[in-house]
Amino acid sequence: MTNKTATNPEEIRIVALGELLWDMLPSGKKLGGAPVNFLYHAQSLGAQTQALTSIGADDLGREILTQFSNLGLSSDFLQIHENVPTGTVAVTLDANGSPQYEIVENVAWDKIEVDAATATKCNDFLTKTPGNSAFYYGSLALRSEVNRRSLQILQETIDPSVMRVCDLNLRKPFYDPEVIELTLQYADVFKLNDAEAVVLDQSLSQNSQTFDLAKFADADDSLVTALSSEHSAQVENALSAWANAWLQRYRLKELILTCGSYGAYLFDESTRHFAKSSPVKVKDAVGAGDSFCAVCVVGLLMNASKDAILSAAAQRAVFVCEQDGATPKIPEILRRPFNC
């Protein structure tokens, strides 16, 4: 990845590979899938976006096409499969509004097929000038061999100047160390939450190189309670040491770590930035992390300051938590956080 000069958001181009589905929420059916949630929020900031994913040739798929049109999302890169259904996820919310997922298998987004022509089409879109660009992908879609192969073809084809963004989404039982290593292999920017950091520290540490994040975690692997306690400095130091080790190990440029109601960190090779979360009345938290990641990526592509990026991302995530679903209408005040 190379840094170009600062750009207007309308000059940013993003392609996202991954799941596209309907979240079956208690409040009703909502368009979902982390990559599409991410693209929706990136586009609301002005970026040009394309979703490289797949739907079925069924009623749910046709409804997605209509929803794409309603949201202003491009369907130019969308694939339609005749023999597999559109994806769905049953979503339940706990007392705090945090989602739990039951993800249906063997659906259309498990079969995102990329050949040389498709990969070239993505690269051509991303490398138009002027402007910066990013290729986004996550871990969930890599549960299928088809998608793992497609990701590798894309990574080998897309120009090195394009920022690679991995937004980790660990959903049991759809991950293992091999899949996580694949997500990290090409990444420039790696985004995850505190519980995922604990899992990675336990499962992917080499030999005895562990930072024992689990000793600070609660039963859900969250670090929020510990970070909010009198031992917060100790926890932050452990997180910083862990982040620095991962930045070096995988040659990452940035590591974005969200910690729920406590706040979020952005680590690079020399600095640690933090933004505290504002109080929020959670309606549902679906898509909050995706919206946070979108603001961070657009901000990084615009060469905004790290503090401004975190502040704007936190504001967007709070807003999403207070709405139904992952793609609510975005108020104008949140659409231009970087003064462009």
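# Aromatic contacts, helix packing and backbone exceptions

Arg 143 is placed over the face of Phe 174, at 4.6 Å from the ring centre. This contact, like every other described here, belongs to a predicted model. A second arginine is arranged in a comparable setting: the charged end of Arg 249 sits over the ring of Trp 246, 5.4 Å from the centre of that ring.

Trp 246 leads from these charges to the pairing of aromatic rings. A pair of aromatic rings is described by the distance of the centres and the angle of the planes. With centres required to lie within 6.5 Å, the count comes to eight aromatic pairs. One of them joins Trp 242 and Trp 246, whose ring centres are 5.4 Å apart and whose planes stand at 40 degrees; the pair is therefore tilted, since stacking would need planes under 30 degrees apart and an edge-to-face arrangement planes over 60. Both tryptophans belong to helix α8 (residues 232–249), where they are four residues apart, about one turn of the helix. Trp 242 is buried, its relative accessible area being 0%. Trp 246 also counts as buried, at 3% relative accessibility.

The rings of Tyr 265 and Phe 267 form another pair, with centres 5.7 Å apart; their planes are at 15 degrees, so this pair is stacked. Tyr 265 has a relative accessible area of 1% and is buried, and Phe 267 counts as buried at 1% relative accessibility. These two residues are part of one aromatic cluster that is formed by Tyr 262, Tyr 265, Phe 267 and Phe 274.

Phe 274 is located in strand β14 (residues 272–276). Unlike the buried members just named, Phe 274 counts as partly exposed, at 32% relative accessibility. Leaving aside residues up to four places away in sequence, Phe 274 touches Tyr 262, Gly 263, Ala 264, Tyr 265 and Leu 310. Between Phe 274 and Ile 256 there are 10.0 Å from C-alpha to C-alpha, and the two are 18 residues apart in sequence.

Leu 310, touched by Phe 274, directs attention to the packing of helices. Two packed helices are described by the angle between their axes and the distance between the axes. The axes of helix α9 (residues 288–301) and helix α10 (residues 306–321) cross at roughly 155 degrees and come within 8 Å. Because angles over 145 degrees fall in that class, α9 is roughly antiparallel to α10. The crossing in which α9 passes α10 is right-handed. On the α9 side, the contact is made by Ala 288, Ser 291, Phe 292, Val 295, Cys 296, Gly 299 and Leu 300. The residues contributed by α10 include Ile 309, Leu 310, Ala 313, Ala 317 and Val 320.

A second helix pair shows another geometry. Helix α3 (residues 116–126) packs against helix α4 (residues 145–157) at an angle of about 50 degrees, and their axes are 9 Å apart. That angle makes α3 oblique to α4. In this case too, α3 passes α4 in a right-handed crossing. Ala 119, Thr 120, Cys 122 and Asn 123 of α3 meet Ile 153, Leu 154 and Thr 157 of α4.

The loops hold several backbone exceptions. Most residues other than glycine have a negative phi, and most peptide bonds are trans. Against this background, the peptide bond from Thr 129 to Pro 130 is cis, with omega near 0 degrees. Pro 130 lies in the loop between α3 and β9 (133–138). Lys 172 and Pro 173 are likewise joined by a cis peptide bond, with omega about 0 degrees. Pro 173 occupies the loop between β10 (163–167) and α5 (177–185).

Positive phi values are found at two residues that are not glycine. Asp 221 has a positive phi of about 70 degrees and is placed in the loop between α6 (194–203) and α7 (224–227). With a relative accessible area of 26%, Asp 221 is partly exposed. Asn 303 has a positive phi of about 60 degrees, and its place is in the loop between α9 and α10, the helices described above as roughly antiparallel. Asn 303 counts as partly exposed, at 36% relative accessibility.

How values were computed
Residues are numbered from 1 along each chain as its sequence is written. This is a predicted model: local features need pLDDT of at least 70, side-chain atom pairs count only at pLDDT 80 or more; totals for chains, interfaces and linings use all residues. Side-chain values use heavy atoms; hydrogens and water are left out. Rings of Phe, Tyr and Trp (its six-membered ring) pair if their centres lie within 6.5 Å; planes under 30 degrees apart count as stacked, over 60 as edge-to-face and the rest as tilted. Helices (H or I, at least four residues) and strands (E, at least two) are DSSP runs, numbered from the N terminus. Buried means under 20% relative accessible area, exposed over 50%, partly exposed in between (1.4 Å probe, protein chains only). A charge sits over a ring if NZ of Lys or CZ of Arg is within 6 Å of the ring centre and within 35 degrees of the ring normal. Axes are lines fitted to C-alpha atoms, for helices over the stretch in contact, and angles run from 0 to 180 degrees between N-to-C directions. Angles under 35 degrees count as roughly parallel, over 145 as roughly antiparallel, 65 to 115 as roughly perpendicular and the rest as oblique. A crossing is left-handed if the near helix is turned anticlockwise from the far one by less than a right angle, and right-handed if clockwise. Contact means heavy atoms within 4.5 Å.
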